[in-house]
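Trainee: Could you take me through a close look at one part of this structure, going slowly and joining the pieces together as you go?

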Amino acid sequence: MLTRPVKSAWQHVRYLPLWSALVYSRGRAFERRSRALGKVVGWTMRWFPPARRRFDRELLRIFPDMARDARMTLCRDMGRNMGQTLFEIYHGAEFATRLSRFSVSGPGLDALDAARAAGKGAIIVSGHFGQWEAVRAVLRARGMETGAVYRPQTNRHYQRRLLAGIEAGGRPIVATGFGGTKEMVAHLRVGGVIAILLDEKYADGQRLPFLGLDALTSVSAAQLALKYDLPMVPAYGTRSADGSSFTVEFEGPIAHSDPTTMTRAFNDSLSARILQRPDQWYWMLRRWQGA
């Protein structure tokens with residue numbers, strides 16, 4: 001086991017590249033700083049062998065016939081998008097002021113307005129696709145501050161900046177685990193709105209199809225929607241070609257049935273988005289591991 005000083009030093013070392021990139025871009029316009037970090041992450045994804053091999057392993061599960069050149073281009077584009085997304089999350093307060101760059105639509109908005117009018121909460125379900133924080137920024141601007149569920153980071157530097165950025169987009173921010181679930185339920189029961197990213201591997205989840213392959217998937221969002229009679233609305237913030245504007249779409253609520261059927265419906269919804277724009281999804285999640 002690492003001693004505390006060694007562990008602390010290693011956390012500094014791991015954070016140094018990102019810190020350097022953020023410091024280097026200070027003083028520039030928001031879009032230029034975002035693109036700068038995107039380029040750094042995109043370059044790293046393409047040319048850093050461990051990252052590229054992990055990306056290829058996951059991508060080839062779904063696109064086994066994709067040529068190497070196409071995979072490398074997709075790897076770079078995914079990294080660029082994720083770098084920009086990370087920058088925007090770290091600067092969440094500033095990002096939330098850029099609503100003029102958001103195009104917003106979808107029947108889910110009416111369902112959310114209806115739930116609010118009835119004094120009910122709602123559950124927003126999405127994934128690591130495009131800029132998911134754009135969804136919460138839109139809802140906050142419409143008077144529906146939306147909390148979020150997040151996975152705490154082991155590196156204290158990443159954790160500090162990530163949590164501050166997410167909190168800037170709305171509260172409460174609840175950590176995964178039993179304590180976070182209790183806080184989330186309390187928030188929903190008093191009419192609150194919560195956003196959950198459902199595309200991470202969940203060790204105790206059900207084996208449900210995702211992009212055509214079984215993946216361990218949490219059905220807790222659907223269970224909560226059924227238990228408290230809440231709309232479960234898929235929503236996505238797709239990054240546009242210019243890199244700094246977004247199409248934010250709220251799909252119609254998933255029909256209430258049973259947790260498995262509802263969660264499969266969400267998996268199908270997100271899968272369709274990824275197949276249309278594979279560069280927008282974060283392929284590094286080990287989504288099918290253990291299934």
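Mentor: Before looking at how two helices pack, we need to know that their axes are lines fitted to C-alpha atoms over the stretch in contact, and that the angle between N-to-C directions runs from 0 to 180 degrees. Please also keep in mind that this is a predicted model.

With that in hand, let us start from helix H4, which covers residues 68-90, and from helix H3, which covers residues 49-62; the two pack at an angle of about 110 degrees, with their axes 10 Å apart. Because angles of 65 to 115 degrees count as roughly perpendicular, H3 is described as roughly perpendicular to H4. On the H3 side, the contact is made by Arg52, Phe55, Asp56, Leu59 and Leu60, while H4 brings Arg68, Arg71, Met72, Leu74, Cys75 and Met78 to meet them. Sorted by class, the residues of this contact between H3 and H4 divide into 7 nonpolar and 4 charged, with no polar ones. The crossing in which H3 passes H4 is right-handed.

Let us now stay with H4 and turn from packing to empty space. The second largest pocket has a volume of about 200 Å³, and H4 provides the largest share of its lining, namely 4 residues. The lining of this pocket has 13 residues, and those that lie nearest its centre are Arg80, Arg239, Ser240, Ala241 and Asp279. By class, this lining has 7 charged, 5 polar and 1 nonpolar residues.

H4 also takes part in lining enclosed spaces, and the count of cavities of 30 Å³ or more comes to 2. About 70 Å³ of space lies in the largest cavity, whose lining includes Gln84 and Glu88, together with others such as Phe30, Glu31, Ser34, Phe95, Arg98 and Phe246. Helix H2, residues 30-47, and H4 are the elements that give two or more residues to this lining, and H2 gives the most, with 3 residues. The classes in the lining of the largest cavity come out as 4 nonpolar, 4 polar and 4 charged.

The second largest cavity has a volume of about 60 Å³, and Glu88 appears in its lining too, along with Ile89, Gly92, Phe95, Ala96, Glu133, Ala137, Gly165 and Gly169. At least two residues of this lining are supplied by each of H4, helix H5 (92-95) and helix H7 (133-141). Here the residues divide into 4 nonpolar, 3 polar and 2 charged. Glu88 and Phe95 are therefore worth finding in your view, since both are listed in the lining of the largest cavity and in that of the second largest cavity.As a comparison for the helix packing, consider helix H10 (residues 220-227) and helix H11 (residues 259-276), which pack at an angle of about 125 degrees, with their axes 8 Å apart. That angle makes H10 oblique to H11. The contact is made by Ala222, Gln223, Ala225 and Leu226 of H10 and by Pro259, Met262 and Thr263 of H11, and its residues divide into 5 nonpolar and 2 polar, with no charged ones.

Conventions. Residues are numbered from 1 along each chain as its sequence is written. This is a predicted model: local features need pLDDT of at least 70, side-chain atom pairs count only at pLDDT 80 or more; totals for chains, interfaces and linings use all residues. Side-chain values use heavy atoms; hydrogens and water are left out. Angles under 35 degrees count as roughly parallel, over 145 as roughly antiparallel, 65 to 115 as roughly perpendicular and the rest as oblique. A crossing is left-handed if the near helix is turned anticlockwise from the far one by less than a right angle, and right-handed if clockwise. Contact means heavy atoms within 4.5 Å. Ala, Val, Leu, Ile, Met, Phe, Trp, Tyr, Cys and Pro count as nonpolar, Asp, Glu, Lys and Arg as charged, and the others, Gly among them, as polar. On a 1 Å grid over the protein atoms alone, a cavity is a set of points where a 1.4 Å probe fits but cannot get out, and a pocket is an open set with protein on both sides within 12 Å along at least five of seven lines; lining residues have an atom within 4 Å of a point. Grid points are joined across faces, edges and corners, and a volume is the space filled by probe spheres set on the points.
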